[in-house]
Amino acid sequence: MARYSKLRNWLSLLEGPQTWGRGRVFWAGFLLVVAAASAYPLFADGYDVGNNVYFFNWTFMALGLCLIWGYGGALSFGQTAFFGVAGYAYGILTINFGDAYGFTLIALLAAVGIAALLAAVLGYFLFFGRISGVFLGIVTLSVTLVLERFMAQTAGPEWRIGSARLNGFNGMGSMPSLTIPWPGGDIVLFPDVALYYVTLGLLVLVYLGLRILVNSRFGNVLVAIRENPERAEMLGYDIRKYQLGMFLIGSALAGLSGVLYTSWGNYITPSSMGMTAAALPIVWVAVGGRSDLTATLLGTLLVLACFQALTIYGSQYALVVMGILLVLTVLLVPKGVVLGLASLASRLFSRGKQGATSP
Amino acid sequence: MSILETRDLHKWFGGLHVIDNVSLALEPGEIHCLIGPNGAGKSTLFRLILGEHDPTSGGIFYEDQEITREKAFERIRRGISVKFQVPGIFKGLSVRQNLRIALQHHRTPAELNDEIDRLLEFLKLTSAQGQTAGNLSHGQKQWLEIGMAIALKPKLLLLDEPTAGMTPDETFATGEMVQALNRDGVTVLAVEHDMAFVRQIAQRVTVLHFGRVFAQGTIDEIVANDEVASIYLGEAAAHA
């Protein structure tokens with residue numbers, strides 16, 4: 001009974017002051033979207049479905065940044081560092097130890113754990129050293145660029161860990177895909193329908209889990225630190241611990257993206273930690289609306305889809321358009337496009353309801 | 001036993017001697033006002049007591065335990081609470097959410113909402129609870145921050161110019177709030193410029209001048225002190 005009420009308390013945190021969307025209408029919409037996403041493979045070619053998993057792979061990193069930047073108020077430029085570290089870790093582990101007995105899943109956990117460990121060390125120096133604002137951005141950006149430079153010079157044959165060659169700028173390839181051990185034969189998650197469902201399921205879990213997190217006591221303190229760190233501390237909170245926790249979770253999610261991406265394409269390259277790559281999560285999250293998980297998720301998928309279309313038709317100019325999009329968003333809708341549209345819609349809606357009485 | 005004591009406190013900022021041998025003892029249950037001209041070191045003394053600055057030498061004691069090297073949040077957890085000069089609220093969050101964050105530390109979810117409602121009523125902010133805190137009037141922001149400070153159920157409340165920018169009516173209402181808290185046993189140390197407000201609430205007054213304790217006593221003794229009047233009160237007393 002006590003356990004049941006505890007569970008209910010947790011579930012009640014799915015809605016709260018820190019997340020957009022509540023009530024039956026929202027959750028009906030949510031179920032509808034999940035149902036549509038689940039039904040999509042029934043109507044599409046398996047090859048396309050597998051390709052489109054690409055979009056989901058990035059969303060974890062975006063949601064992690066949303067937590068760190070949107071909720072915690074700390075602009076981390078280093079999501080790609082954890083993405084890359086986890087991707088390479090997954091590659092090194094699975095190339096050496098293979099994919100039998102569900103080892104790829106252990107490698108996934110270990111790779112995310114390694115990224116989290118790096119985040120713990122870096123975060124300790126950042127937050128217990130009281131580094132904030134633009135300096136936090138500079139340090140995290142430096143970390144990802146240093147990692148990129150380092151991996152780029154590992155082309156020689158001496159750069160190997162066990163049987164895994166790091167391969168410098170050519171990137172590391174031919175690691176096995178994630179594999180689920182199954183009685184009738186292992187399920188190998190090639191970019192196909194099975195991988196699509198696994199990734200979608202993970203995304204739904206992470207999204208709901210983060211909703212609970214940001215509406216919990218922990219999340220309340222995070223937004224308090226974003227709004228006024230001095231006041232938060234003067235309420236008796238050790239804000240450094242909260243910031244470290246947030247950084248750890250957000251960075252681990254970037255690591256999860258890294259593993260999923262590496263397993264999906266059987267490939268990881270140093271440029272995944274480069275300048276351009278590091279800027280993209282900032283664009284996704286800022287354009288969507290960094291202060292809300294749902295806005296970030298929708299915005300990320302939207303921007304990725306646009307970017308993909310642009311790359312097909314505009315090749316190199318796609319990045320320029322991304323830059324322009326970021327600048328326009330910051331200037332015109334600083335809250336983000338999705339949140340801006342949502343508030344516009346609700347204003348129109350309430351004006352329609354109130355009719356002439358509204359000023 | 002005093003609730004808070006500073007012993008031979010010194011603070012240098014480079015070549016500037018901002019706090020010069022300040023020994024101050026607060027009796028439990030009193031309302032003590034700290035006054036002095038601009039630059040006398042009042043705010044610095046506050047920040048030393050809170051742990052936002054480290055003293056150059058000297059010690060700070062809370063209930064006879066040394067807290068000189070403790071972090072700010074550790075001192076808060078001991079029972080010290082503060083209201084800043086510029087309203088230190090969470091501007092982007094609702095009034096209710098501001099109070100929730102201040103209260104959640106100490107209470108179970110069931111009690112939390114009741115406690116928020118009670119506090120809203122005390123602060124006269126019940127009708128504004130859904131508003132974004134940044135949109136409140138200046139006086140309401142000050143009250144909200146006082147509310148967050150007292151939500152911690154402190155034994156010692158530090159108020160840095162709590163009535164700055166308030167109308168006379170708001171100032172008087174704030175004085176009544178402070179006195180109500182004091183009747184419940186809260187010790188108060190307030191930095192204040194408004195002499196009418198000091199008269200309303202102060203039981204003891206310390207005058208700080210060039211970082212030193214210049215005079216100490218009841219408000220009547222301080223007003224009667226010609227030296228104090230010459231450095232500070234002359235102008236203010238004429239208005240009072």
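Hi everyone. Two strands count as paired if DSSP finds at least two bridges between them. Keep that in mind, because strands of a sheet pair through backbone hydrogen bonds, either parallel or antiparallel. What we have on screen is a predicted model.

Let's begin in chain B, with strand 6, residues 80-83. Strand 6 of chain B is joined to strand 7 of chain B by four bridges, and the two run parallel. If you'd like a residue to click on, B:Val82 sits opposite B:Leu158 in strand 7 of chain B.

Now look at strand 7 of chain B itself, residues 156-160. How many of its five residues are buried? Five of the five, so to speak a strand that is mostly covered. B:Leu156, B:Leu158 and B:Asp160 point one way, while B:Leu157 and B:Leu159 point the other way. Both sets are buried, and that includes the aspartate, B:Asp160.

What does strand 7 of chain B pair with besides strand 6? Strand 8 of chain B, residues 187-191, pairs with strand 7 in the parallel sense over five bridges. There, B:Leu157 has B:Val188 as its bridge partner. Getting from one strand to the other involves helix 6 of chain B, residues 168-183: strand 7, helix 6 and strand 8 of chain B form a right-handed β-α-β unit.

Let's zoom out to the whole sheet. Six strands of chain B make an open sheet in the order 6-7-8-3-9-10, and the pairing is mixed. Strand 6 and strand 10, residues 212-217, are the edge strands of chain B here, each pairing on one side only. On average, neighbouring strands in this sheet are turned by 20° against each other, ignoring direction. For the antiparallel part, go to strand 9 of chain B, residues 204-209, which is joined to strand 10 of chain B by five bridges. In that pair, B:Val205 stands opposite B:Gly217.

Helix 1 of chain B, residues 42-50, packs on this sheet. The strands of chain B that helix 1 touches are strand 3, strand 6, strand 7, strand 8 and strand 9, and its direction makes about 145° with that of strand 7.

Chain B has another sheet to show you. This one is open too, with four strands in the order 2-1-4-5 and antiparallel pairing. Its edge strands are strand 2, residues 16-26, and strand 5, residues 65-66, of chain B. Strand 4 of chain B, residues 57-62, pairs with strand 5 of chain B over two bridges, and B:Phe61 has B:Glu66 as its bridge partner. Helix 1 of chain B turns up again here: helix 1 packs on this sheet by touching strand 1, strand 2 and strand 4 of chain B, at about 65° to the direction of strand 2.

One stop outside the sheets: B:Ser127 lies in the loop between helix 4 and helix 5 of chain B. Is B:Ser127 buried or exposed? With 9 C-beta neighbours inside 10 Å, B:Ser127 counts as exposed.

So where do the chains meet? In all, 21 residues of chain B are in contact with 17 residues of chain A. Helix 2, residues 72-78, and helix 3, residues 95-103, of chain B each supply at least two residues of the side that touches chain A. That side of chain B has twelve nonpolar, six polar and three charged residues.

Over to chain A, and helix 8, residues 217-227. Nine of its eleven residues are buried, so helix 8 of chain A is largely enclosed by the rest of the structure. Among the buried ones are A:Asn220, A:Arg226 and A:Glu227. What covers the buried residues of helix 8? The cover includes helix 3, helix 7, helix 9 and helix 10 of chain A, together with helix 3 of chain B.

Helix 7 of chain A also packs against helix 2 of chain A, residues 23-43. Their axes come within 9 Å and cross at roughly 170°, and the two helices are therefore roughly antiparallel. Helix 2 brings A:Val34, A:Ala37, A:Ser38 and A:Pro41 to the contact, and helix 7 brings A:Val193, A:Tyr196, A:Leu200 and A:Val204. By class, that makes seven nonpolar, one polar and no charged residues.

Last residue for today: A:Ala305, in helix 12 of chain A. A:Ala305 has 12 C-beta neighbours inside 10 Å and so counts as exposed. A:Ala305 and A:Asn52 are 253 residues apart in sequence, but their C-alpha atoms are 9.6 Å apart in space. Thanks, everyone!

How values were computed. Residues numbered from 1 in each chain as written. Chains lettered and ligands numbered in written order. Predicted model: local features only at pLDDT ≥ 70, side-chain atom pairs only at ≥ 80, totals over all residues. Contact = placed C-beta atoms within 7 Å. Nonpolar A, V, L, I, M, F, W, Y, C, P; charged D, E, K, R; others polar. Buried ≥ 20, exposed ≤ 12 C-beta atoms within 10 Å, placed from the backbone. Axes fitted to C-alpha atoms, helices over the stretch in contact; angles between N-to-C directions. Parallel < 35°, antiparallel > 145°, perpendicular 65-115°, else oblique. Right-handed = clockwise from strand over helix to strand, strands pointing away.
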